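Reader: I should be grateful for a close look at one part of this molecule, beginning with the charged pair that involves it. Please set that part in the context of the rest of the chain.

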Amino acid sequence: MAFECCSFLVTLLFICLRNYNTVLCSNNYEQDPVTKTMQDFSGYPIQDSHLPSSFALLSVDSESLQKQIDELSTFSDSPAPSVTRILYSDKDVIARRYVKNLMGLAGLSVREDAVGNIFGRWEGNEPEIGAVATGSHIDAIPYSGKYDGVVGVLGAIEAINVLKRSGFKPKKSLEVIMFTSEEPTRFGISCLGSRLLAGSEELAKSLRNKVDNHNTSFLDAASFAGYEKDEEKLSSVFLEKGSYSAFIELHIEQGPILEKEGISIGIVTAIAAPASIKVDFEGNGGHAGAVLMPDRNDAGLAAAELTLAVEKHVLESESVDTVGTIGIMDLHPRAINSIPSKAHLEIDTRDIDEKRRNIVIEKIHQSAIAISKKRGVKLSEFEIVNQDPPALSDDSVIKAMELAALELDLTYKLMISRAYHDSLFMARISPMGMIFIPCYRGYSHKPEEFASLDDMANGVKVLALTLAKLSLY
């Protein structure tokens, strides 16, 4: 087994050296520091026979990957080019079967837990050691694109295929995870599957009574999709800290930095701390013509004023890392000639600095109280739905990703993820890291979302090489 691992490392080294032909011609391997390090580590001299004739041993089947992404996008409740795939819907169930089939074709052993997190494992030579995991999600918000999350699931399966084609034999097992409901679309809870894996007892309890906009309970929806309806089984999803030796997520950047700077790979050092807030105002309502302006208690105007207050408080932080968004605003009764008697807002605010973000949340709360008094409306709800801490990538995982990018001769940039990812919660279980690839104009959560074949191939190669490194150490 030791010989297999060392042989593979030596082979893998030369796959990753762009100018290996020059090295070969010079017949002076010792002068190359990376080669010398690998030779010293393996204990075997690097001979001509170890050199591959091409980069085929780390070849990514980009066209098949794109075809799979395109096929998965057809399982949608909205017309192409948009994708809508909501948790436990008919289309979600079909998409899950598709992913499980791809895992099976890759030779992975497939299992699911009580809420539908899907796991595909390639057992290593030392299966008793915590596996190295990778993965993402495939659910999609209404009218979004086909790459968000999907690249991290289908790309992870392709990374396994890349390693198998190269002849690699893992020491630690490798596992691909498809997380349930990273998006909060149906039940208002983002990263539902990974939160539960990280052991959120609060979430497990709340899911027993959680309903969607059509008054369908979470447990009934899960049962419809073929998952556990017994509320007591939700805690069976929990994983102990250290269940995995490492976790890496491949993802499109969802921002414009990599594309603008012409950089191939983003190596994430930290994920911003997100928080979600629900706010409800209640006023008197009335006829739009008959009630004079001085006599109104307009819930809609209270909501509008709070919207501007959110922007004000975010900008007061004087940090580009602080952001705030009012993604939902609903008015009742939604008639043009009726003064709104109720207003509902949902606010997203996040920052890499947890303390700074929490100051913004408190300012928003105080503004909501002041606005309700000023306008004579009732602040009937101010609920902080979640207030998660930021997550830092592990130094050992960052180093492995950097070495992979360097050996593949790909430009890379250390960067912060300001978007929410399942990695945020996997960091509570194991050392974590993320790989970003460029996406067109930074577009995401819209039909124009796009990643090129070359960029996806680069991401898959870096992921494959990182998985190999972490599996062997």
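Author: A salt bridge is counted here when a side-chain nitrogen of Lys or Arg lies within 4 Å of a carboxyl oxygen of Asp or Glu. The model is a predicted one, in which local features need pLDDT of at least 70 and side-chain atom pairs pLDDT 80 or more, while totals for chains, interfaces and linings use all residues. Residues are numbered from 1 along each chain as its sequence is written, and side-chain values use heavy atoms, with hydrogens and water left out.

The charged pair in question consists of K146 and D70, whose side chains form a salt bridge with an N to O distance of 2.8 Å. D70 belongs to helix α4 (residues 62–73) and K146 to the loop between β5 (140–144) and α6 (150–166), so the bridge ties together parts that are 76 residues apart in sequence. Helices (H or I, at least four residues) and strands (E, at least two) are DSSP runs, numbered from the N terminus. D70 has a relative accessible area of 29% and is partly exposed; K146, at 23%, is also classed as partly exposed. The classes are buried, under 20% relative accessible area; exposed, over 50%; and partly exposed, in between (1.4 Å probe, protein chains only).

Helix α4 itself is the part to examine. Its 12 residues reach 17 Å from the first C-alpha to the last, close to the 16 Å expected at 1.5 Å a residue. That expected span is 1.5 Å times one less than the number of residues. The buried residues of α4 are S62, L65, Q66, Q68, I69, L72 and S73. They lie on the same side of the helix, because they cover an arc of only 160° around its axis. The arc is taken from the directions that run from the helix axis to the C-beta atoms. E63 and K67 are exposed on the other side of α4. The buried residues of α4 pack against β1 (83–85), α5 (90–105), α6 and α15, contact meaning heavy atoms within 4.5 Å.

The loop that follows α4 also deserves attention. P81 lies in the loop between α4 and β1, and the peptide bond from A80 to P81 is cis, with omega near 10°. A second cis bond joins H332 to P333, also with omega near 10°; P333 is placed in the loop between β11 and β12 (338–339). Most residues other than glycine have a negative phi, and most peptide bonds are trans.

Helix α15, one of the elements against which α4 packs, carries a charged pair of its own. E407 and K469 form a salt bridge, with their closest N and O atoms 3.0 Å apart. This pair links helix α13 (residues 395–407), which holds E407, to helix α15 (residues 453–472), which holds K469, across 62 residues. Both E407 and K469 are buried. In the loop between β17 (432–437) and α15 lies H445, which has a positive phi of about 60° although it is not a glycine. H445 counts as partly exposed, at 35% relative accessibility.

For wider context, the search of the whole structure finds 20 salt bridges. Among them is that between R208 and E231, at 3.9 Å from N to O. R208 sits in the loop between α8 (201–206) and α9 (218–224), and E231, 23 residues away, in the loop between α9 and β7 (244–252). R208 is partly exposed at 31%, as is E231 at 30%. R195, D388 and R428 are linked in a network of salt bridges.

Elsewhere in the chain, an open sheet of four strands has the order β11-β13-β9-β14, with antiparallel pairing. Its edge strands, each pairing on one side only, are β11 (323–332) and β14 (378–387). Two strands pair if DSSP finds at least two bridges between them; β9 (residues 273–282) and β14 are joined by eight. Within this pairing, S276 has N386 of β14 as its bridge partner.

To return to the part requested: α4 has a buried set of residues on one side, exposed E63 and K67 on the other, and D70 in a salt bridge with K146.
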